[in-house]
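User: I'm new to this one and would like a close look at a single part of it. Could you take me through the charged pairs and what surrounds them?

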Amino acid sequence: LLLAVAAPRTPLLSLLLLRSGFAAMSTAGPLKSVDYEVFGRVQGVCFRMYTEGEAKKIGVVGWVKNTNKGTVTGQVQGPEEKVNSM
């Protein structure tokens, strides 16, 4: 897999709508937002479900979706340390 990551930016919202509802994000430290695109065999292998599960475990929010060119794009937001671990 090859992961392309856009430059981080400061998130404007501390709440994002996720597929399962609203999730609150801790604002105890600096927040970070990263846009990403994953290339390789990522569709048809439950990559989106895995990513969502990991994000919930780590405590970050965002979105992830398949593209029509066979990649997966998304955004992850949260405390800088947690986004980095994602």
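Analyst: Let's go straight to Glu-37 and Lys-69, which form a salt bridge with their closest N and O atoms 3.1 Å apart. Keep in mind that this is a predicted model. The pair ties together distant parts of the chain: Glu-37 is in strand S4 (residues 31-39), Lys-69 is in the loop between S5 and strand S6 (72-79), and 32 residues separate them. Are the two partners buried or exposed? Glu-37 counts as buried because its relative accessible area is 16%, which is under the 20% cut-off. Lys-69 comes out as exposed because its relative accessibility is 56%, and exposed means over 50%. As a general point, side chains of opposite charge can pair when their charged atoms come close.

How many salt bridges are there? The count is three. Besides Glu-37 with Lys-69, there is one between the side chains of Lys-56 and Glu-52, at 3.2 Å from N to O. Lys-56 and Glu-52 are both in helix H1, and because they are four residues apart there, about one helical turn separates them. Lys-56 itself is partly exposed, with 47% relative accessibility. Then there's Lys-57 with Glu-54, where the closest N and O atoms are 2.8 Å apart. Lys-57 and Glu-54 also sit in H1, three residues apart, so they too are separated by about one helical turn. Lys-57 is exposed, at 65% relative accessible area.

Now for a charged residue without such a partner. Lys-32 lies in strand S4. Lys-32 is buried yet has no salt bridge, and the nearest side chain of opposite charge, Glu-80, is 4.5 Å away. Why doesn't Lys-32 with Glu-80 make the list? A salt bridge needs the nitrogen and the carboxyl oxygen within 4 Å, so the 4.5 Å between Lys-32 and Glu-80 rules that pair out. Lys-32 does have a polar contact, though: its side chain meets that of Asn-84 at 2.5 Å.

Back to the strands around the Glu-37 and Lys-69 pair. S4 and S6 run antiparallel and are joined by eight bridges. In that pairing, Val-34 stands opposite Val-76 in S6. S5 and S6 are antiparallel as well, with six bridges joining them, and Asn-66 stands opposite Val-72 in S6. S5 and S6 form a hairpin with five residues between them, and Gly-70 in the turn has a positive phi of about 90°. Lys-69, our salt-bridge partner, is in that loop between S5 and S6.

S6 is mostly covered: eight of its eight residues are buried. Take Gln-77, which lies in S6: its relative accessible area is 6%, so it counts as buried. The side chains of Gln-77 and Gln-75 share a polar contact of 3.0 Å. Gln-77 and Gly-59 are 18 residues apart in sequence, with 9.4 Å between their C-alpha atoms.

Helix H1 and strand S5 also come up in the UniProt record. Which residues does UniProt mark as "active site"? In an unreviewed entry, UniProt puts that feature at Arg-48 and Asn-66. They are spread over 19 residues of sequence but cluster in space, the largest C-alpha distance being 7.9 Å. Arg-48 is found in H1 (residues 47-58), while Asn-66 is in S5 (residues 61-66). Arg-48 is partly exposed, with a relative accessible area of 39%, and Asn-66 is partly exposed too, at 33%. What does each one touch once residues up to four places away in sequence are set aside? Arg-48 is in contact with Val-64, Lys-65, Asn-66 and Val-72. Asn-66 touches Gln-43, Arg-48, Thr-71 and Val-72.

One last stop is Cys-46, in the loop between S4 and H1. Most residues other than glycine have a negative phi. The phi of Cys-46, however, is positive, near 65°. Cys-46 is partly exposed, with a relative accessible area of 47%.

How values were computed: Residues numbered from 1 in each chain as written. Predicted model: local features only at pLDDT ≥ 70, side-chain atom pairs only at ≥ 80, totals over all residues. Heavy atoms only, no water. UniProt positions renumbered as here; feature names shortened; annotations may be inferred. Helix = DSSP H or I, 4+ residues; strand = E, 2+ residues; numbered from the N terminus. Buried < 20%, exposed > 50% of the residue type's maximum accessible area, 1.4 Å probe, protein only. Contact = heavy atoms within 4.5 Å. Lys, Arg positive; Asp, Glu negative; His and termini not counted. Polar contact = N/O pair within 3.5 Å; in protein donor to acceptor, adjacent residues only side chain to side chain. Pairing = 2+ DSSP bridges.
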